[in-house]
Amino acid sequence: MKEKQLITRIQEVQYDELDESRRHLVDLARQATKRSYAPYSKFRVGAAIALDNGEIVSGSNQENAAFPSSTCAERTAAYYAHATYPDAKFKTIAIAARGTDSEEVAAPIAPCGACRQALLEYETLAGDNVEVILVGRDAIYILPSVRSTLPLAFSEF
Ligand code: THU
């Protein structure tokens, strides 16, 4: 019998410790939460993706009365980014959220399984790690790649 371990490396930092470009991405993810359409859950999520062409694309969760038709902030941003700039590679994604009290969540939230799978595809297309920044009021987590959020991920290629 062989045992294997999958380790996820997470750096916990404060906003002030971030360099300017990461801070900017965090600001944009936080701002994107304000454009969320979440009348059902009242949980507002924002995502901002930095591309290798210098553009930053943001998105927010968009809900629907038919709940499964809703999309998360991460996929809204990712699909918009790739639909608009199909040749650009994803470099970094920042994700922020506000709870039902409208305040920023104290601890960062992590993308749902479906978003991890979707983001992984763009990381694979990029051919390089896409850094993931999870934003909370009391802490910010930096993960080195999407793959590190989805151990044993399915991939056809
Ligand atoms: N949501 C996101 O947009 N991203 C996440 O990472 C987790 C959840 C959305 C889906 C739904 O609109 C609301 O947050 C509550 O689950």
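A polar contact is here a pair of N or O atoms within 3.5 Å, and by that criterion an oxygen atom of the ligand, at 2.8 Å from a polar backbone atom of A73, makes such a contact. The model is predicted, and its chain of 157 residues contains 3 helices and 6 strands.

**Ligand surroundings**

- The ligand is surrounded by S41, F43, V45, N61, E63, C72, A73, E74, I109, A110, P111 and C112, a shell that divides into 8 nonpolar, 2 polar and 2 charged residues.
- Side chains also approach oxygen atoms of the ligand: an N or O atom in the side chain of N61 lies 2.9 Å from one ligand oxygen, while for the side chain of E74 the corresponding distance to a ligand oxygen is 2.6 Å.
- On its own the ligand has 370 Å² of accessible area, of which the protein covers 77%.

**Fold and dimensions**

- Followed along the sequence, the helices and strands of the chain are arranged in the pattern β-α-β-β-α-β-α-β-β.
- The radius of gyration of the chain is 15 Å, which agrees with the value near 15 Å that a compact globule of 157 residues would have.
- Taken along the principal axes, the box filled by the C-alpha atoms is roughly 50 × 40 × 35 Å.

**Packing and surface**

- Of the 157 residues in the chain, 41% count as buried.
- Among contacts in the chain with a separation of 6 or more, 64% are accounted for by residues 24 or more positions apart.
- The chain exposes about 8900 Å², and carbon and sulfur atoms supply 50% of that area.

Key
Residues are numbered from 1 along each chain as its sequence is written. This is a predicted model: local features need pLDDT of at least 70, side-chain atom pairs count only at pLDDT 80 or more; totals for chains, interfaces and linings use all residues. Side-chain values use heavy atoms; hydrogens and water are left out. A residue is near a molecule or strand if one of its heavy atoms lies within 4 Å of it. A polar contact is a pair of N or O atoms within 3.5 Å; within protein, one must be able to donate a hydrogen and the other to accept it, and residues adjacent in sequence count only if both atoms are side-chain atoms. Accessible areas come from the Shrake-Rupley method with a 1.4 Å probe; for residues, only the protein chains shown count as cover. Ala, Val, Leu, Ile, Met, Phe, Trp, Tyr, Cys and Pro count as nonpolar, Asp, Glu, Lys and Arg as charged, and the others, Gly among them, as polar. Helices (H or I, at least four residues) and strands (E, at least two) are DSSP runs, numbered from the N terminus. The radius of gyration is taken over C-alpha atoms; the globule rule is 2.2 Å times the number of residues to the power 0.38. Buried means under 20% relative accessible area, exposed over 50%, partly exposed in between (1.4 Å probe, protein chains only). Contact means heavy atoms within 4.5 Å.
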